[in-house]
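Here is a short briefing for a reader new to this structure. Look through the sequence and the model first, then take the points below by topic.

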Amino acid sequence: MHNPRFDFPIFRSSHTPPLVYLDNAASTQTPETVIDAMTSYYRNGHANVHRGVYRLSEEATSQFQHARDAVRDFIHASSSREIVFVRGTTEAVNLVAQTFLKPRLQPNDVVIATEMEHHSNLLPWQAVCRETGAKLHILPVSDTGELKSEALESALNKGHCKFLAVTHVSNVFGTVNPISELIRLAHQADVPVLVDGAQAVAHMTVDVQNIDCDFYAFSGHKMYAPTGIGVLYGKTEWLQSMPPYHQGGGMVRNVSLQEAAFREIPYRFEAGTPNVVGAVGLATAIRYLQQLDRIELQEKETRLVQMVVEQLKQYPSIRTWTPTQGHIAVVSFVIDGIHPHDIASILDQEGIAVRAGHHCAMPLMQRFQVPGTVRASFGCYNDVSDADALIAGIRTVFNIFE
Ligand SMILES: *Cc1c(COP(=O)(O)O)cnc(C)c1O
């Protein structure tokens, strides 16, 4: 496979020491092709969409529509109408919580989430439960950072369940959840499911029809696309049953001073001028990913994480979480007696970018009684030299603290 590293300008610009970028679970870098597509859009083709009858606006509208088709293809949705452009995963989850779930909840109903959720897939459910008197039931995570489907079964058996929100891949441990199985169990109990795909889409192929989720949310900036653009996938029947989330221009068919008739899906959920350049960037990032050998890429990323884990295990004072059921692209660790922030600062001096802290998953940190972890996360451009640099950096940490 051609080395994707050369496709990213940031790795060609000079950094001293050379940049070892291992914070891909927070945001990925942007390939030249995406930067070029966005620049070209502004240089040659920018106009507001939907409303113009002149050529430039029609062309922008058509690019925007093509981007929606590219997303449909990327996650194998059955129709482009099921693709709603949003700012990111956070907005997608809030949209579903407020417009799908809230009107369906009664006091004492139960919403299920898990201990490994990112705050973005937890707080919106806490809010609807608070607002409606429903209860939030949390599925526990095992000592190795895994979710057990038996826990879901017993929660469903207690009845009153109205919804399941679960992440496809953990942003802290890289755990790949048995998503099809969880969805199958939930559907047996007539419970719709939202999957947080923020950590999945860049690393594995996702087929929403195959896993049969009701909603799927992800962000552009974690899959080589720009910030400020993301996707909510929803099954047609569900989206059609939902009122708009935001009100404004672009999403209406007819407006009088007192009333408005809304447009069909997905436009009903896209009030205001949309992020057209973001959609163009996202579609280009999708094409970029699709021309890579994605199986090979996933194997490479997994191999790198395993290499790092093997090395970390040599140190008795290092604790890692390595789920056995499936695990990609991310490794979290702590070192006895050294604060995660100190580790990350020392690594930064060596040019190594990792994240330290709670990773927007404070309940998970509490579960494992750590203030935070150091997280190294890999992307398509990382190779063995990055894994080696990280290990060498950790040796430096030990030298400094000895
Ligand atoms: C990053 C992340 C989010 C939030 O994404 P935003 O782009 O910040 O909205 C949600 N869930 C997971 C698993 C994430 O990694």
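Helices, written H or I and at least four residues long, and strands, written E and at least two, are DSSP runs numbered from the N terminus. With that numbering, E402 sits in the segment after α13. The model is a predicted one. The points below cover the ligand site, helix α13, the chain after that helix, one side-chain contact and some backbone features.

**The ligand site**

- The ligand has 13 residues around it. Those that come nearest are T90, D196, Q199, S219 and K222.
- By class, this shell holds one nonpolar residue, 10 polar residues and two charged residues.
- Q199 makes a side-chain approach: an N or O atom there is 2.6 Å from an oxygen atom of the ligand.
- S219 also offers a polar side-chain atom, which lies 2.7 Å from a ligand oxygen atom.
- T89 takes part through its backbone, where a polar atom is 3.4 Å from an oxygen atom of the ligand.
- How much of the ligand does the protein bury? Taken alone, the ligand exposes 380 Å², and 87% of that is buried by the protein.

**Helix α13**

- Helix α13 runs over residues 384-401 and has 18 residues.
- From first C-alpha to last, α13 reaches 26 Å, close to the 26 Å expected at 1.5 Å a residue.
- Which residues of α13 are buried? They are D386, A387, L390, I391, G393, I394, V397 and F398.
- Viewed down the axis of α13, these buried residues fall within an arc of 155 degrees, so they line one face of the helix.

**After the helix**

- E402, in the segment after α13, is exposed, because its relative accessibility is 77% and the cut-off for exposed is over 50%.
- E402 and G133 are separated by 269 residues in sequence. In space they are 53 Å apart, C-alpha to C-alpha.

**A buried threonine**

- T236 belongs to helix α8, residues 236-241.
- Is T236 buried or exposed? T236 is buried, because its relative accessible area is 16% and buried means under 20%.
- The side chains of T236 and E82 are joined by a polar contact of 2.9 Å.

**Backbone features to check**

- As background, most peptide bonds are trans, and most residues other than glycine have a negative phi. The next points describe exceptions.
- T16 and P17 are joined by a cis peptide bond, with omega about -15 degrees. P17 lies in the segment before β1 (20-21).
- I265 and P266 are also joined by a cis peptide bond, with omega about 5 degrees. P266 is in the loop between β10 (260-262) and α9 (276-290).
- D212 is not a glycine, yet it has a positive phi of about 70 degrees. D212 is placed in the loop between α7 (208-211) and β7 (215-219). With a relative accessible area of 32%, D212 is partly exposed.
- C360 is not a glycine either, and its phi is positive, about 55 degrees. C360 is in the loop between β14 (355-357) and α12 (362-367). C360 counts as partly exposed, at 31% relative accessibility.

Definitions and conventions
Residues are numbered from 1 along each chain as its sequence is written. This is a predicted model: local features need pLDDT of at least 70, side-chain atom pairs count only at pLDDT 80 or more; totals for chains, interfaces and linings use all residues. Side-chain values use heavy atoms; hydrogens and water are left out. A residue is near a molecule or strand if one of its heavy atoms lies within 4 Å of it. A polar contact is a pair of N or O atoms within 3.5 Å; within protein, one must be able to donate a hydrogen and the other to accept it, and residues adjacent in sequence count only if both atoms are side-chain atoms. Accessible areas come from the Shrake-Rupley method with a 1.4 Å probe; for residues, only the protein chains shown count as cover. Ala, Val, Leu, Ile, Met, Phe, Trp, Tyr, Cys and Pro count as nonpolar, Asp, Glu, Lys and Arg as charged, and the others, Gly among them, as polar. The expected span of a helix is 1.5 Å times one less than its number of residues. Buried means under 20% relative accessible area, exposed over 50%, partly exposed in between (1.4 Å probe, protein chains only). The arc is that of the directions from the helix axis to the C-beta atoms.
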